[in-house]
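Me: Hi! I've got a structure open and I'd like to go through it with you, one topic at a time. Could you help me find my way around?
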Amino acid sequence: MGDILHPPMEQLQDLEYCIDSNPPWPETILLAFQNYILVVGTSVMIPTLLVPMMGGSDGDKARVIQTLLFVAGIKTLLQTLFGTRLPAVIGGSFAYVVPIAYIINDSSLLRIHDPHLRFMHTMRAIQGALIVASSIQIILGYSQVWGLFSRFFSPLGMAPVVGLVGLGLFQRGFPALGNCVEIGLPMLILVIGFSQYLKHIKPIRDFPIFERFPVLISVSIVWIYALILTASQAYRDKPNATQISCRTDRAGLISTAPWFKFPYPLQWGPPTFAAGHSIAMMSAVLVSMVESTGAYQAASRLAIATPPPAYVLSRGIGWQGIGIMLDGLFGTCTGSTVSVENVGLLGLTRVGSRRVVQISAGFMIFFSILGKFGAVFASIPFPIYAALYCVLFGLVGSIGLSFLQFTNMNSMRNLFITGLSLFLGISIPHFFDEYWTPHRRGLVHTNAGWFNAFLNTIFMSPPTVGLMVAVLLDNTIEVEKSKKDRGMPWWAKFRTFRGDNRNEEFYTLPFNLNRFFPPT
């Protein structure tokens, strides 16, 4: 027993660059481009799923992808400058798919026979719902209500929530990779090989190129391999689903994307507003708040920062609400959340620099305006991204579990809460997900469609279910008796901005703005 000594560590030590330290400029730019390539995956998948259901063409899909990436760049810059200031990319969220599907299947919109006209009217309805729903997040953030609620969090309560932010996305991992194993499996093997087994090999000027750029190198190799398979007609007689997953020329983006297009607010026309649509969308806003809270905790650990204090967390949630309002104004077809895959990339590359993420936001804006160039990267087959997700989502999940080091895991109370939160956080959403399709109402199917969408969205989110179970049990079972076991002595000093001297270094606003917006 004397040889087993792994004391709890407030900050990870096995990282090269923290939130405020920056790699050399050439390395920074390549790392930023690597972040951009990663965020393209979700930015393509959501419009690819939703735009055809709305009646949109490939050209409409290309414009929505451009808009989504453009707004993601703006939101990421705002978040890293004025929000939590953590190196977190703010991108599109799958949490909004259920309420958006409810809006798409609204009978008043389905009665429009012309597909393009139906697409335009549906987009405006989604925009109106996003604009109204964003007010919830803005109010909860800037009023500090979310920060007050976070006082019920503890390391024990956060561990399953952050863990489920990563592990709860398992369906986007190997099940999606399996749609094209001949591309996805080599990608998975290469990423693991470069990032773990070859990370100490430094072929260029004593620089760990395989550790820093495993995504760029692996994607380049497998993408070329996929292009060769496509050009050699390897999928000529395969089913259509296989061709869509494996071929590099089935996205329909390069031919339809404009050379130059500057997204602007209300480009689809004036938003339309309906109470039912807005209430349904509010469920996704609540879910994205929970998911982002968990992702911020993971990002802070991977950036060698302290856990964000309640004030900083509320500030970030408020700015994220403004981001969702921008989604509604520009028409991105979905709302916002922290990109979990990009958080995982901080750990994979061991670079938690804020500057890298800010420059990646510049790439998002630049390539979204130059449509053809962005469409080239958007043609990467999704199984390539699914292989990356297997590694990156798993890494974020393990960061969540690392919070358990500050708790007493020899306590049956803690073991019970952790196990039940993780199990129900995976089991309940999977049960709800089995009953839901874009054209069915899901497990909750009353006559009120907005109510169905609201509950289905909440209970299809693993981190949200995990938060409800973990926080409820952690704050009702032997609370006073178990303060030390829950990890509260360590956690308490990070509740307030001035509770730890390092908070000022990591989270102070730029341009001396803290003089005008002092921490509360």
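Me: Which residues line the largest cavity?
Reply: This is a predicted model, and in it the largest cavity is lined by Ser-150, Arg-151, Phe-153, Gln-297, Pro-307, Pro-308, Pro-309, Ala-310, Leu-313, Trp-491, Phe-494 and Arg-495.

Me: How much space lies in the largest cavity?
Reply: About 110 Å³.

Me: And how many cavities are there of 30 Å³ or more?
Reply: The count is five.

Me: Okay, new topic: cysteines. How many disulfides are there?
Reply: There is one disulfide. Cys-180 is joined to Cys-246, with the two sulfurs 2.1 Å apart.

Me: Where do those two cysteines lie?
Reply: Cys-180 is in the loop between helix H8 (174-177) and helix H9 (181-197), while Cys-246 belongs to helix H12, so the bond ties together parts that are 66 residues apart in sequence.

Me: Are Cys-180 and Cys-246 buried or exposed?
Reply: Cys-180 is buried, and Cys-246 is buried too.

Me: Which hand does the disulfide of Cys-180 and Cys-246 have?
Reply: Right-handed, because the torsion about the S-S bond of Cys-180 and Cys-246 is about 130°.

Me: What about Cys-390, why is there no bond from its sulfur to the one in Cys-180?
Reply: Cys-180 holds the closest cysteine sulfur, but the sulfur of Cys-390 is 14 Å from it, which is too far for a bond. A disulfide here needs the sulfurs within 2.5 Å. As for its surroundings, Cys-390 is partly exposed, since its relative accessible area is 27%.

Me: Let's talk backbone. What is phi of Cys-333 near?
Reply: Phi of Cys-333 is near 80°, a positive value in a residue other than glycine. You'll find Cys-333 in the loop between helix H14 (310-330) and strand S2 (336-338). Cys-333 counts as buried because its relative accessibility is 1%.

Me: Where is Arg-85, and what is its phi near?
Reply: Look in the loop between helix H2 (58-82) and strand S1 (90-92) for Arg-85. Its phi is near 70°, which is positive although Arg-85 is not a glycine. Arg-85 has 10% relative accessibility, so this residue counts as buried.

Me: Switching to charges. How many salt bridges are there?
Reply: The count is eleven. The general idea is that side chains of opposite charge can pair when their charged atoms come close. One of the salt bridges is between Asp-14 and Arg-350, whose closest N and O atoms are 2.9 Å apart.

Me: How many residues apart in sequence are the parts that Asp-14 and Arg-350 tie together?
Reply: They are 336 residues apart in sequence: Asp-14 lies in the segment before helix H1 (25-54), and Arg-350 in the loop between helix H15 (340-349) and helix H16 (354-369).

Me: Buried or exposed, for Asp-14 and Arg-350?
Reply: Asp-14 is exposed, with a relative accessible area of 53%. Arg-350 is buried, with a relative accessible area of 16%. The cut-offs are over 50% for exposed and under 20% for buried.

Me: Which residues are linked with Asp-14 and Arg-350 in a network of salt bridges?
Reply: Glu-16, Glu-27, Glu-211 and Arg-212 are linked with Asp-14 and Arg-350 in that network. Within it, the side chains of Glu-211 and Arg-212 meet at 3.2 Å, N to O. Arg-212 is buried at 3% relative accessibility, and Glu-211 is buried at 5%.

Me: What about Asp-58 and Lys-61, where do they lie?
Reply: Both are in helix H2, three residues apart, which is about one turn of the helix. Their side chains form a salt bridge, with an N to O distance of 3.9 Å. Asp-58 is partly exposed, with a relative accessible area of 38%, whereas Lys-61 is buried, at 8% relative accessibility.

Me: Last one: which residues make the nonpolar surface patch?
Reply: Trp-259, Phe-260, Phe-262, Tyr-264 and Phe-373 make a patch of about 620 Å². Phe-260 sits in the loop between helix H12 (240-246) and helix H13 (275-302). With a relative accessible area of 55%, Phe-260 is exposed.

Methods: Residues numbered from 1 in each chain as written. Heavy atoms only, no water. Patch = residues over 30% accessible without salt bridge, like charges linked within 9 Å, V, L, I, M, F, W, Y side chains within 5 Å. Areas by Shrake-Rupley, 256 points an atom, 1.4 Å probe, with all protein chains shown as cover. Salt bridge = Lys/Arg side-chain N within 4 Å of Asp/Glu carboxyl O. Helix = DSSP H or I, 4+ residues; strand = E, 2+ residues; numbered from the N terminus. Buried < 20%, exposed > 50% of the residue type's maximum accessible area, 1.4 Å probe, protein only. 1 Å grid on protein atoms, 1.4 Å probe; cavity = no way out; pocket = protein on both sides within 12 Å on 5 of 7 lines; lining within 4 Å. Points joined across faces, edges and corners; volume = space filled by probe spheres on them.
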